[in-house]
Amino acid sequence: MAVLVTGGAGYIGAHVVRLLRERGDEVLIVDDLVTGIADRNPGVPLIEMDLAHTSSVEELAQLLTSRGVTAVIHFAARKQVGESVAKPAWYYSENVGGLANVLQAMERAGVAHLIFSSSAAVYGDARGLVAESAAKAPTSPYGETKLVGEWMINTAVGAQHLDAVSLRYFNVAGAGWPELGDKMALNLVPMVFERLDLHESPRIFGDDYDTPDGTCIRDYVHVMDLAEAHIAALDSLSTQIPASGRHRVLNVGTGSGTSVREMIDVILRVSGAPQTAEVVARRPGDPAMVTAQVSAIAEQLGWTASRSIEDIVESAWAAHQRR
Ligand SMILES: NC(=O)c1ccc[n+]([C@@H]2O[C@H](COP(=O)([O-])OP(=O)(O)OC[C@H]3O[C@@H](n4cnc5c(N)ncnc54)[C@H](O)[C@@H]3O)[C@@H](O)[C@H]2O)c1
């Protein structure tokens, strides 16, 4: 089967592309290379296209038809929360508009299988163990675009006879292969690496939260576990024609949390850096603890995360060293 991976030149998409190739699937990447890197997966056909542009509907539909694509995995999106606050309309046109164009192209080409990259950002300030049914209250335009994306798929599945899975990722880190590491310092692990490179102390934003060591707790999932969740999602899509109009929305995390201090300790040990963590003031809006309830994905896809925090940090550090 041929799978089209939008955003396949990016950090997470490139891992999924590689896993698909390794098991012999035909893969095609569509990416505008704004944050993607063209040679993350040499030899995989890459079509440069801005999916937010309306002309992409026709171009993409032709591509889906001519290459016999049966499933789309849609990663392509802008993902910087701060940037989304500064440019909300642009984020909507990129992320919501991009998905609308992909759905229209799929309709024209009769492609019925979709996997969508959603995010724990749809829950906004949710705290504790977060189930899929928790209140959706995004606190940034970025999170809003992911929630609107899910809504759009909710209604499109019936009208277009799609079988779709949206995966709400929690904190993604690590690398499956050193050359596929995350190049952007938007999350804790790469942000700490950046501080170490500058010979500065990693910062802890507040150590007076109501958690065992006083620092915030998050659910970190290894990018390889996440990539395998996409493969499980893809394989779970029904081959029934017309597709059933089903849209499953599932958290992807480990179900357990790691505190900022624990994570920094592992990073300092793995990197051998001489620095120690420095505690600074809390950042506004950081909930004390957020972890994913993951029973639904285990039941529905038979997937659970298997890699440890050490695996995440060691693989991310190896990727960082390669740079
Ligand atoms: N990294 C995380 O922690 C995380 C967490 C939750 C959700 N997500 C979502 O996962 C997806 C992948 O994230 P990532 O970390 O790999 O980011 P990334 O920036 O590395 O990858 C996104 C890719 O999409 C491409 N792209 C973006 N807009 C496009 C457009 N209009 N047309 C064509 N290509 C476009 C970029 O060039 C890039 O290659 C995104 O949808 C993101 O919102 C990521």
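**Strands, a helix and a core**

Q: In this predicted model, which strand does β2 run parallel to through 3 bridges?
A: The pairing is parallel, and 3 bridges join the two strands. One of these links pairs Ile-29 with Leu-46. Leu-46 lies in the partner strand, residues 46-48, which is β3.

Q: Which residue of β2 is the bridge partner of Thr-6?
A: Strand β1 covers residues 2-6 and pairs with β2 in the parallel sense over 5 bridges. Thr-6 finds its bridge partner in β2. That partner is Val-30.

Q: Is strand β2 largely enclosed or open?
A: Strand β2 covers residues 26-31. Of its 6 residues, 5 are buried. The rest of the structure therefore surrounds this strand, which is largely enclosed.

Q: What is the handedness of the β-α-β unit made by β1, α1 and β2?
A: Helix α1, residues 11-22, forms this unit together with β1 and β2. The unit is right-handed.

Q: How far apart are the end C-alpha atoms of α1?
A: Helix α1 has 12 residues. At 1.5 Å a residue, the expected span is 16 Å. The model agrees with this, because the end C-alpha atoms are apart by 17 Å.

Q: How many residues of α1 are buried?
A: Helix α1 is mostly covered. Its buried residues include Tyr-11, Val-16 and Leu-20. They pack against β1, β2, β4, β8 and α7. Of the 12 residues in α1, the buried number is 9.

Q: Which helix gives the most to the largest nonpolar core?
A: The largest nonpolar core holds 98 residues, and Val-5, Leu-64, Val-72, Met-106, Leu-226 and Val-252 touch the most other members. One helix, residues 88-109, gives 8 residues to this core. That helix is α4.

Q: Which two domains each give at least three residues to this core?
A: One is built from 2-172 + 220-252, the other from 176-219 + 254-293 + 300-322. The core draws at least three residues from each. They are domain 1 and domain 2.

Q: Is Leu-33 buried, exposed or partly exposed?
A: Leu-33 lies in the loop between β2 and β3. Its phi is near 60°, a positive value in a residue other than glycine. Most residues other than glycine have a negative phi. With 14 other C-beta atoms within 10 Å, Leu-33 is partly exposed.

Q: Is His-199 buried or exposed?
A: His-199 sits in the loop between α6 and β9. Its phi is also positive, near 60°. His-199 has 9 C-beta neighbours inside 10 Å, so this residue counts as exposed.

Key. Residues are numbered from 1 along each chain as its sequence is written. This is a predicted model: local features need pLDDT of at least 70, side-chain atom pairs count only at pLDDT 80 or more; totals for chains, interfaces and linings use all residues. A residue is buried if 20 or more other C-beta atoms lie within 10 Å of its own, exposed if 12 or fewer, and partly exposed in between; C-beta atoms are placed from the backbone. Helices (H or I, at least four residues) and strands (E, at least two) are DSSP runs, numbered from the N terminus. Two strands pair if DSSP finds at least two bridges between them. A crossover is right-handed if, with the strands pointing away from the viewer, the path from the first strand over the helix to the second runs clockwise. A nonpolar core is a set of buried Ala, Val, Leu, Ile, Met, Phe, Trp, Tyr and Cys residues joined through C-beta atoms within 7 Å. Domain bounds come from an automatic or database domain assignment. The expected span of a helix is 1.5 Å times one less than its number of residues. Two residues are in contact if their C-beta atoms, placed from the backbone, lie within 7 Å.
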